[in-house]
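Visitor: Could you help me look closely at one part of this protein? I would like to start with the nonpolar core.

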Amino acid sequence: MSVQKYKKEKYTLSLLFITLLVSSISFGLIIPIKPQLIMDITKSDLATTASWGGYLLLGYSLAQFLVGPIMVALSDRYGRKSIIVIALAASTLDYLIMGISQHIFLLFIARIFSGAFASTLATINASIADISSPEKRAVNFGIINSAFGLGLMLGPSIGGFVGEYWGTRAPLYFASIVSAINLLLVYLFLPETIAQKIKGNLNFKKLNAFSILIHLKNTTKITSFLFVYFLLQLAFHSFAAIWAYYMIEKFNWNFSEIGWSLFVVGATNLLVQGGLIRIIIPKVGEKKALNIGLIFMIPSFFAYAFAYEGWMIYFIIILGGIGGIAIPSLQGMMSKMLPNHQQGELMGAITSIRGLGMIAGPLLMTQTFSFFTNDTTSFYFPGAPFIVSGILVVTAMLLIQWTFIKNLKEVPK
């Protein structure tokens, strides 16, 4: 590689890192204040607010699931930079509309619009593939993923502080401004990474997640592994969907306390994904690492459900964080079971399953929380979503053990 080409790659990689970091910070800014925002707009209690929050997440996730593959495909034809600019413009407008909104249906419109154009991460990953040599691609993907994790670690803590001192809507305006600055930087400085844009008509029938999943199911022997991955994705959404609602209901935490707890979640995840995985997986292999992750994950969910003091949450975060080695181990096993020409299909299937999890998971968890915390419930139990997550992981563990036994010779160690 020439010096000039190396410098260009480093420059572009740095800009992509900054773009994703700022984008994920903007996203994280609004997490601590979202329950209070919905509560203020709907004039409802926390249980009803959680239910509304689930529907908002459903609208966002469904739009992203249906439109996301098309947006990334369009980047092949019209350029990565153009699609990233559109995605950031949509985010900027979304945060602004949420900030000024006085009606829940306007929030729906904003969330659906933002979800339809939420292709920043996928398009940036495509840009990384454009500029990276095969031997550097995995390392560069890791660098970009760390930007996403770091942003989700910093965003909620900043958003909690801003919301606590300047009001519920302040983080939304702040997120809109930050996203607009990010948009300007990308427009002015990010170079186009795709060397030759694809010409011709796009086959929209093939540009959907269902087609990808059906094709992979019919051509591989890893269906049960993909179902395990789906169960784990569903379980994860007890964090993503009801964390703030649960902490308010159970411990009466304010914006700052919610933000700091999410900071610890992000920091733990960063340490596990960036350090612990590199030690455990090479030492014991994907199969044992997957089991270790599930063994730590299961008790953490039940511990969240029954925690009775706020300080306990921080210890449980560390316990559950070790469980973060499970999903990368599962992905590694599936990758080893497929030939090189099906690796792209596998990544497409994993992305599709993650999208399905984002549709079903938040709705399942928010409605469960709402049912067990509303005024008419016969059994008050705000920790119920974490019990659901624990049961999902137990089911995943039983299924994976059955799969190991059934396919003993084909499952890599």
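Which residues in the largest nonpolar core touch the most other members?

Guide: Happy to help! This is a predicted model, in which local features need pLDDT of at least 70 and side-chain atom pairs count only at pLDDT 80 or more, while totals for chains, interfaces and linings use all residues. Residues are numbered from 1 along each chain as its sequence is written, and side-chain values use heavy atoms, leaving out hydrogens and water.

First, the term: a nonpolar core is a set of buried Ala, Val, Leu, Ile, Met, Phe, Trp, Tyr and Cys residues joined through side-chain atoms within 4.5 Å. Here buried means under 20% relative accessible area, with a 1.4 Å probe and protein chains only. In the largest such core, which has 89 residues, F225, W243, I313 and L330 touch the most other members. The most generous contributor is helix α17 (residues 384-406), which gives ten residues to this core; helices are DSSP runs of H or I, at least four residues long, numbered from the N terminus.

Now zoom in on W243. Setting aside neighbours within four places in sequence, W243 is in contact with S238, I258, S261, L262, V265, Y304, I313, I317 and F386, where contact means heavy atoms within 4.5 Å. There is also a second, separate core of six residues, including V272, I277, I280 and I325.

For another spot to explore, find L57 in helix α3 (residues 46-78). Not counting residues up to four places away in sequence, L57 touches A241, M358 and P362. The C-alpha atoms of L57 and L363 are separated by 7.5 Å, although these residues are 306 residues apart along the chain.

How values were computed
Buried means under 20% relative accessible area, exposed over 50%, partly exposed in between (1.4 Å probe, protein chains only). Helices (H or I, at least four residues) and strands (E, at least two) are DSSP runs, numbered from the N terminus.
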